[in-house]
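Thank you for making time for this today. I would like to walk through one structure with you, beginning with a term that we will need along the way.

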Amino acid sequence: MDTLSLDQLGDEIAELSAHLDAATARLLDLIREFDARDGWNNGFSSCAAWLTWRVGLAPGAAREHVRVARALGTLPLLTRALARAELSYSKVRALTRVATPETEERLLAVGRAGTTEHVERIVRGWRRVDRKAEAREAARQHANRALHVYPDTDGTFVLRGRLTAEVGALLVQALAAAREALYQRARGKEAEGDPPTMVQQQADALALLAETALHHGIDPGAAGERYQVVVHVDAQVLADADQPGQSVLEDGARVPAGTSQRLACDASRVVEVDARTRTIPPALRRALHHRDRGCRFPGCSVRFGQGHHIRHWAQGGPTTLSNLALLCRRHHRAVHEEGYRLDRQPDGELRFRGPDGRPLPDVPRPPELSGDPVRILRARHDAEGLGLHAHTATPGWLGEPLDVGWVIDVLHPLAR
């Protein structure tokens, strides 16, 4: 009787796992649609960031859910297998790392034939073949890199070239920065003639890059601020070493209060400074980064950001620590241009509100469930005609050893 009860318990675990996999397929469908329709684009940097905030998934798990959901959008066979719980989510997650519409059918057979461990091993072997192919392509692109600069018959110069992906991206970013610098220079000046076209702006930006490199040298150097030692110490500790409060380095390591007092004798300090301009002084910016430790928008995990005036400086808001909050670029735009609002409460806490005026909680309350969730899940799948049972996802493996090399040689289109 004990053995029978254990068998029944094992079957119930397997059956419920099948129901969860089928429900996960539906969840991924919803995530894919939500992502495609930019449902997360209401103050969040990505669909994964929204899932972390709204559902409580860990950031890594949230990114993986979005990745798998997107991949399944072009893999109907794997999508159907997960929806029918013929493959577990773990198997599908692994297979979507390498599957394409051309290889989906043979990889589906891998998932049905083997265990999750088998699938993971085969996927690792598959990716090795893919990486070798990618490495060959990267080497070919690197070998073909070129930049031709030659004078034309009219005295102008012609540029023609081919850059690797990362160098091309670097050049695009540099040109964008140079165009912005030229735009800032031209602001307020009376324009002469028609404004330059985009291609003309690109040419001017390239000239600025060349001038800057020759003027400042090719070596970009390093900013002096990077090598400063910063100590964060409370005012009461600085006045009396016996008072409670912080006295720490930038990384959080404690410094004796006496040491902080000694350093303060001949060092730059920042307190609540009411600056006359909107510019945040470097010392105040360091204090802001130390206090906020990243973007303060609910659900955001970006560590670096921009100083935001809670009461705008144009409305008389001071450039002081109490009137500043750290926001990443995405959420700084959300507060200024997308209707989000931010204010500091009397207790010092920040409160964010959406465009509709409703407060944004740091962590949303979980939804209330009515009834037995397992019974509801089973009833839903029964209504959809899914006859899920303890052996729905049982693989066809009979215990024979797995020869990964042979599997890759047989299945991978690029295997030799």
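When I call a residue partly exposed, I mean that its relative accessible area falls between the two cut-offs, with buried being under 20% and exposed being over 50%. Valine 167 serves as an example, because its relative accessible area of 37% lies in that middle range and the residue therefore counts as partly exposed. Please also keep in mind that what you see is a predicted model.

Let me stay with valine 167 for a moment, since this residue lies in helix H8 and belongs to a nonpolar patch on the surface, together with Leu147, Val149, Phe157, Leu159, Leu163, Leu171 and Leu206. The accessible area of these residues together is about 720 Å². Two or more residues of the patch come from each of strand S1, at 146-151, strand S2, at 157-162, and helix H8, at 165-186.

Now to the chain as a whole. There are 15 helices and eight strands, and of the 416 residues, 30% count as buried. The accessible surface comes to about 27300 Å², and 54% of that belongs to carbon and sulfur atoms. If we take the contacts between residues at least 6 apart in sequence, 57% of them join residues at least 24 apart.

What lies inside? The largest nonpolar core has 40 residues, and within this core Leu28 and Leu78 touch the most other members. At least two residues each are supplied by helix H1 (2-36), helix H2 (47-54), helix H3 (59-72), helix H4 (76-83), H5, H6, H7 and H15, and H3 gives the most, with six residues. There is also a second, separate core of 14 residues, and Cys300, Ala325, Leu327 and Leu350 are among them.

Returning to leucine 78, and leaving aside its neighbours within four places in sequence, we find that leucine 78 is in contact with Leu72, Leu87, Val92, Leu95, Thr96, Ala99, Glu104 and Leu108.

Helix H7 deserves a look of its own. H7 runs over residues 116-143, and its 28 residues reach 40 Å from the first C-alpha to the last, which is close to the 40 Å expected at 1.5 Å a residue. Several of its residues are buried, including His118, Glu120, Trp126 and Ala133. Which helices are included in what covers the buried residues of H7? They include helix H5 (89-95), helix H6 (104-113) and helix H15 (404-411).

I will finish with charged side chains. Side chains of opposite charge can pair when their charged atoms come close. A search of the whole structure finds 17 salt bridges, and one of these joins the side chains of aspartate 292 and arginine 296, at 3.1 Å from N to O. The two partners fall into separate classes of exposure, because aspartate 292 is buried at 8% relative accessibility, whereas arginine 296 is partly exposed at 27%.

Elsewhere, Arg330, Arg333, Glu337 and Glu338 are linked in a network of salt bridges. Within it, glutamate 338 pairs with arginine 330, their closest N and O atoms being 3.3 Å apart, and glutamate 338 also pairs with arginine 333, where the closest N and O atoms are 3.7 Å apart. Glutamate 338 is partly exposed, with a relative accessible area of 29%, and arginine 333 is partly exposed too, with 46%.

Definitions and conventions. Residues numbered from 1 in each chain as written. Predicted model: local features only at pLDDT ≥ 70, side-chain atom pairs only at ≥ 80, totals over all residues. Heavy atoms only, no water. Salt bridge = Lys/Arg side-chain N within 4 Å of Asp/Glu carboxyl O. Buried < 20%, exposed > 50% of the residue type's maximum accessible area, 1.4 Å probe, protein only. Helix = DSSP H or I, 4+ residues; strand = E, 2+ residues; numbered from the N terminus. Expected span 1.5 Å × (residues − 1). Contact = heavy atoms within 4.5 Å. Core = buried A, V, L, I, M, F, W, Y, C linked by side-chain atoms within 4.5 Å. Areas by Shrake-Rupley, 256 points an atom, 1.4 Å probe, with all protein chains shown as cover. Patch = residues over 30% accessible without salt bridge, like charges linked within 9 Å, V, L, I, M, F, W, Y side chains within 5 Å.
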